[in-house]
Amino acid sequence: MMPVIEFLQLPQEMLLQILMYLSPAEKAAVRATCTYLRTLVDHPSLWKNSTIILKSIGTFNAKCWDTLQTRKIASAEVNRVTLKQFKKMASSLPDLVNVRMDSCLKEEVLQGLRPLVNLEQLHLTDCSNLSDQSIFSEIVLFRQLTHLTLCRVTFSVLPLTSIVLLQNLYSLTLHSKEGFVPERALQYILFRLPKLRELSLAIGNMNKWKLSLCFNMPDSFVYAAEEQPCIPRLQLEKLELLNSGCAGLSANAFDQLSTLQSVCLRHHKYLQNEDLIEMMLLKLSNLTELKIEWAAPFKPIMEPIISKLEKLSLVGTVITNDTLTWLSESANKLRSLNLSFSSGYGEYMLKQLPCLFPELQKLYLSNTRLTEETLIVLASLNSLQLLDISNNHGLTPEAILAFRNITNNRVSLIFEKPMGSWYYCCY
């Protein structure tokens, strides 16, 4: 092994590259060893993709804030904070461009956002104590916003249409507290945000025609204080529909959504005996990713469809052997398949995956009962790069070792869900 003194003599750029591979906990351990490594660990390049979770701001001292300033933290998640504490965070972390607030907000705390003049992404996940008027009166001050998430809001027409003032929006999430978003107001803003590419809606019991109306060219009516020109066509690339009781979309809506590359249906109630999935594969020619998560079971009613689908997620959904076969015939070029927490198919179908989807590169089978025999069969997926077998306690170390030997360790195995780039502020 390289002596410590020689390790520290490596060029700083090389040491920083090495430290990038460490987890937040490992970085904290390295940081505690000496002054030089503490300085390296606090280098902004190691934290530019990290999000700090601030749970107890009141306990932070000046040293903590100085450390975070040195790291130039740009992304933060805030839980239950007073206005005084939030102002302290805003003044101490002027480089913040991404803020997520998960606690139930108060109006005075929302006003504390104003010093964050560089804010580009704002995610408010519990606005149940705020009126939409107070929310939008603050949000429209940040004209540079590219990502906006508003959850548990009671939306009304006039405040909602003020979103059109945020002309740089790339991603918009509107999850209503009552599961209702005014369709006319939504139609108005969608056709006046030229840069919008991602949209997530919790639409509740909105019927087919009301939902379709949102994606049709609006009539000439004015709600917003500052009128914006209407774009001729939507350019959405990603659409997510949550808690849907809707049974489909009109032909005109599909025409406006023809640029979609990714669709997610989550908690969809009426997939069984409807043709929504088939129509999506048929009408959305650019679709490469489809997510059907925690939804009702469905069965195909059409012949195989030629599709460009590369990613398919069926998390928490009842999916039969026949449906998987139909999907393989419609999307045999699939590169990513997620069957985590799903059911309805047998072990036999898992063994057929190498034949059904021979080009799979990523396969997620979290909480799926796997036998050693099935795992060995999956090793025949020659393009497989990642396999998620987390929450599966039936596999023995010997079975996993055999899989590694057959695949020559080319497949990354997930045994536990990774934390990603999120980290807690611990010193």
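# Setting values against definitions

Analyst: Of the 427 residues in the chain, 51% are buried.

User: What makes a residue buried, partly exposed or exposed?

Analyst: Buried is under 20% relative accessible area, exposed is over 50%, and partly exposed is in between, with a 1.4 Å probe and protein chains only. By the way, this is a predicted model, where local features need pLDDT of at least 70, side-chain atom pairs count only at pLDDT 80 or more, and totals for chains, interfaces and linings use all residues. Residues are numbered from 1 along each chain as its sequence is written, and side-chain values use heavy atoms, with hydrogens and water left out.

User: How do you know what confidence the predictor has in the chain?

Analyst: From pLDDT, the predictor's confidence in each residue, from 0 to 100. The chain averages 86, and 91% of the residues score at least 70.

User: Which elements have the lowest and highest mean pLDDT?

Analyst: Strand β16 (residues 422-424) has the lowest at 36, while strand β13 (residues 362-364) has the highest at 97. Helices (H or I, at least four residues) and strands (E, at least two) are DSSP runs, numbered from the N terminus. Over residues 418-427 pLDDT stays under 50, and the model has 28 contacts beyond four places in sequence for that stretch; a contact is heavy atoms within 4.5 Å. Where pLDDT is low, don't read the predicted coordinates in detail.

User: How many helices and strands does the chain have, and why is it called as compact as a globular protein of that length?

Analyst: There are 17 helices and 16 strands. The chain's radius of gyration is 25 Å, close to the 22 Å that the globule rule gives for 427 residues, so it counts as being as compact as a globular protein of that length. The radius is taken over C-alpha atoms, and the rule is 2.2 Å times the number of residues to the power 0.38. Along the principal axes the C-alpha trace spans about 65 × 65 × 30 Å. As for contacts between residues at least 6 apart in sequence, 65% join residues at least 24 apart.

User: Why is Ser313 classed as it is, buried or exposed?

Analyst: Its relative accessibility is 7%, so Ser313 counts as buried. Ser313 is in strand β11 (residues 311-313) and touches Leu290, Lys291, Ile292, Glu293 and Asn338, leaving aside residues up to four places away in sequence.

User: What makes Tyr270 its class?

Analyst: Tyr270 has 46% relative accessibility, so it counts as partly exposed. Tyr270 is in the loop between β9 and α13. The C-alpha atoms of Tyr270 and Ser75 are separated by 38 Å, with the two 195 residues apart along the chain.

User: Which residues of helix α13 are buried, and what covers them?

Analyst: In α13 (residues 276-283), Leu276, Ile277, Glu278, Met280 and Leu281 are buried. Their cover includes α12 (251-256), β9 (262-266), β10 (289-293) and α14 (321-330).

User: What is the phi of Arg152, and what is the phi of Asn367?

Analyst: Arg152, a residue other than glycine, has a positive phi near 60°, and Asn367 has a positive phi of about 65° although it is not a glycine either. Arg152 is in strand β5 (residues 147-153), whereas Asn367 is in the loop between β13 and α16 (372-378).

User: Why are Arg152 and Asn367 classed as they are?

Analyst: Arg152 has 42% relative accessibility, so it counts as partly exposed. Asn367 is partly exposed because its relative accessible area is 40%.
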